[in-house]
Amino acid sequence: MSRSGTPQRPNGAPQGKIQPFKLVLLGESAVGKSSLVLRFVKGQFHEYQESTIGAAFLTQTVCFDDTTVKFEIWDTAGQERYHSLAPMYYRGSQAAIVVYDITNTDTFSRAKSWVKELHRQASANIVISLAGNKADLGNKRMVDYEEAHAYAEENGLLFMETSAKTASNVNELFLAIAKKLPKNTDQPGPGGPSRRGIELTENPEPPKSGCCK
């Protein structure tokens, strides 16, 4: 871990470019959206996670090659009464993770609806990932991996099964998204965070409607 405040590559070479991207998480309540974010940002898992009200905002950086991607993450509430607020979070987003619970077929159907909505209303260049969460509960599986994988292929989505509880594929999911995002390599970033790969903030302000580049 760098002590100079500049993110480091695995081989020790400094990374000077930090590029921000807005990312939104969508999905039914209790599929584990907040748990995925908590695992990714803080490396933690809470067995009993309180439901998100409205949306929560956190940031996290991912370093690879000569680039540092700063995810500005909006974790939206899954309850139906908050659905009307979702467009203010996914409009202007460069990436979205649509989460479902592999033990609940209804959440997979709802995930498909979110994908349709994103294709219809979000940016044409948005990177969409489908995450089948709670992979640690494979003995209770109701959504086949092959079915979800085929759906993702048909709709041009990144796809992984994840477990916020065991951390399986959580970092890999965000890294895959980071690598797929378009990079403006000619524009230097504002400087590195104090810790490589970690920057956690909570922001009560409403999301920006425009692009975060």
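**Exercise 1. The two sides of helix α4**

Work out which residues of helix α4 (residues 145-154) are buried, and how they are arranged around the helix axis, in this predicted model.

*Solution.*
- Step 1: pick out the covered positions. In α4, these are Ala148, Tyr151 and Ala152.
- Step 2: look down the axis. The buried residues of α4 fall within an arc of 100 degrees, so they line one face of the helix.
- Step 3: flip to the face turned away from that buried side. There you meet the exposed residues Glu146, Glu153 and Glu154.
- Step 4: ask what does the covering. The elements over the buried residues of α4 include β4, α3 (105-121), β5 (127-133) and β6 (158-161).
- Step 5: zoom in on Tyr151. Lys112 lies over the face of its ring, at 5.3 Å from the ring centre.
- Step 6: step just past the end of α4. Gly156 sits there with a positive phi of about 65 degrees.

**Exercise 2. Helix α1, for contrast**

How many of the ten residues of helix α1 (residues 33-42) are buried?

*Solution.*
- Step 1: count them up. Nine of the ten are buried, which leaves α1 mostly covered.
- Step 2: name them. The buried set runs Lys33, Ser34, Ser35, Leu36, Val37, Leu38, Arg39, Phe40 and Val41.
- Step 3: follow one of them, Phe40. Together with Phe71 and Phe174, Phe40 forms one aromatic cluster.
- Step 4: check what comes just after α1. Gly43 takes a positive phi of about 70 degrees.

**Exercise 3. The neighbours of strand β1**

Find the sense in which strand β1 pairs with strand β3 (residues 67-76), and over how many bridges. Then do the job again for strand β4 (residues 95-101).

*Solution.*
- Step 1: start with the strand itself. β1 (residues 18-27) is mostly covered, with nine of its ten residues buried.
- Step 2: take the β3 side. β1 and β3 are parallel and share eight bridges. For a handy landmark, Phe21 stands opposite Phe71 in β3.
- Step 3: now the β4 side. This pairing is parallel too, and five bridges join β1 to β4. Here Leu25 stands opposite Ile97 in β4.

**Exercise 4. Rings around Trp74**

Describe how the ring of Trp74 sits against Phe57 and against Tyr89, and say which parts of the chain each pair links.

*Solution.*
- Step 1: get the overall tally. A search of the whole structure turns up eight aromatic pairs.
- Step 2: take Phe57 and Trp74. Their ring centres are 4.8 Å apart and the planes are at 40 degrees, so this pair is tilted.
- Step 3: place both rings on the chain. Phe57 belongs to strand β2 (residues 55-64) and Trp74 to strand β3, so the pair ties together parts that are 17 residues apart in sequence.
- Step 4: check burial. Phe57 has 12% relative accessibility and counts as buried; Trp74, at 7%, counts as buried as well.
- Step 5: move on to Trp74 and Tyr89. With centres 5.2 Å apart and planes at 45 degrees, this pair is also tilted.
- Step 6: place the second pair. Trp74 in β3 and Tyr89 in helix α2 (residues 86-90) are 15 residues apart, and their pair links distant parts of the chain.
- Step 7: finish with Tyr89, which counts as buried at 8% relative accessibility.

Notes. Residues are numbered from 1 along each chain as its sequence is written. This is a predicted model: local features need pLDDT of at least 70, side-chain atom pairs count only at pLDDT 80 or more; totals for chains, interfaces and linings use all residues. Side-chain values use heavy atoms; hydrogens and water are left out. Buried means under 20% relative accessible area, exposed over 50%, partly exposed in between (1.4 Å probe, protein chains only). Helices (H or I, at least four residues) and strands (E, at least two) are DSSP runs, numbered from the N terminus. Two strands pair if DSSP finds at least two bridges between them. Rings of Phe, Tyr and Trp (its six-membered ring) pair if their centres lie within 6.5 Å; planes under 30 degrees apart count as stacked, over 60 as edge-to-face and the rest as tilted. A charge sits over a ring if NZ of Lys or CZ of Arg is within 6 Å of the ring centre and within 35 degrees of the ring normal. The arc is that of the directions from the helix axis to the C-beta atoms. Contact means heavy atoms within 4.5 Å.
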